[in-house]
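Visitor: I would like to go through this model with you, one question at a time. Could you take me from the helices to the interior and then to a single loop residue?

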Amino acid sequence: MQFYEFGKENTENVMLIHGMGTTWEMSFSSFIAVAQKEYHIIAVSLDGYNPNETSEFESIAVESKKIADYLIKNYNGNFDTIYGSSMGGAVLLSLLSNTSIRIKSAIIDGLYASNYGIFSKAITKLMTSLTVKTMSGNSTLLMKMMGIENTDDLRNKMYTGASKNTIYNCFYESYIFNLPANIHEILSLKIWYGSKERYPQKLSNKIKKVNKNAIIKIFDAYGHGALLNNPNQLLA
């Protein structure tokens, strides 16, 4: 895992956590170009998705622990805003359960996580195969499932350097995911997803039941990850 900083001269800190199958640069470069003029940005490069290092994604808990260690070492555990996209939202939720970390504002966009119980491994194998086919350009089914009409929108954000083991572990972790018990303590929690996405809705509603302060915002006519293509709206 590596951390990339931009706009160091600014005082307000914003951390970005990307999702599976992509990199921090593919996900956030457009947003960072705009936001670094006003904020100190820290982009997290999750294990398995950085061409500059040899690593594999192991688990959401491991990624969350590494981020927590970074925040404790560099910010004494206190941070302004953290944004998690897709599976990055699950990493963020895990981070919020760490009592050593105090985050003022958390934003979860297009949360890709659930728990399928005894079916988790079977669905993981299916989705891993489907993702590998999508990366090679041999399938568009995954895009339709995510409400993405323009195939270039997804392929332009897909990191083909991720190993099959990394992709499998990401899906499996996403399909055995349970909500942390103490997210009710987070005062500023925002949950976003596009109206064309069906997957994030169920878990988002569960979060709302646990944390009454959580604010759900649905972006009309947006598919999975489409908000990242509109940095000015994301910044607003």
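Visitor: How many of the residues of helix α3 (residues 87-96) are buried?

Guide: The model is a predicted one, and burial here is taken as under 20% relative accessible area. Helix α3 is mostly covered, and its buried residues include M87, V91, S94 and L96. By that cut-off, the number of buried residues in α3 is 10 of 10.

Visitor: Which element gives the largest share of the largest nonpolar core?

Guide: The largest nonpolar core has 47 residues, and among those with the most contacts inside it are M15, I67, L92 and L95. Seven residues of this core come from one element, the largest share, and that element is α3. A second, separate core of 20 residues includes F28, W192, L227 and L234. For the largest core, then, the element asked for is α3.

Visitor: Leaving aside neighbours within four places in sequence, which residues is L92 in contact with?

Guide: L92 is among the residues with the most contacts inside the largest nonpolar core. Once neighbours within four places in sequence are set aside, L92 is in contact with I17, I82, Y83, G84, I103, A106, I107 and I108.

Visitor: Does T23 count as buried or exposed?

Guide: T23 sits in the loop between β2 (13-17) and α1 (24-35), and, apart from neighbours within four places in sequence, it is in contact with H18, Y49 and Y159. Because its relative accessibility is 7%, T23 counts as buried.

Visitor: Which residue has its backbone nitrogen 3.0 Å from a polar atom of the side chain of T23?

Guide: T23 belongs to the loop that precedes α1 (24-35). A polar atom of the T23 side chain lies 3.0 Å from the backbone nitrogen of M26.

Notes
Residues are numbered from 1 along each chain as its sequence is written. This is a predicted model: local features need pLDDT of at least 70, side-chain atom pairs count only at pLDDT 80 or more; totals for chains, interfaces and linings use all residues. Side-chain values use heavy atoms; hydrogens and water are left out. Helices (H or I, at least four residues) and strands (E, at least two) are DSSP runs, numbered from the N terminus. Buried means under 20% relative accessible area, exposed over 50%, partly exposed in between (1.4 Å probe, protein chains only). A polar contact is a pair of N or O atoms within 3.5 Å; within protein, one must be able to donate a hydrogen and the other to accept it, and residues adjacent in sequence count only if both atoms are side-chain atoms. Contact means heavy atoms within 4.5 Å. A nonpolar core is a set of buried Ala, Val, Leu, Ile, Met, Phe, Trp, Tyr and Cys residues joined through side-chain atoms within 4.5 Å.
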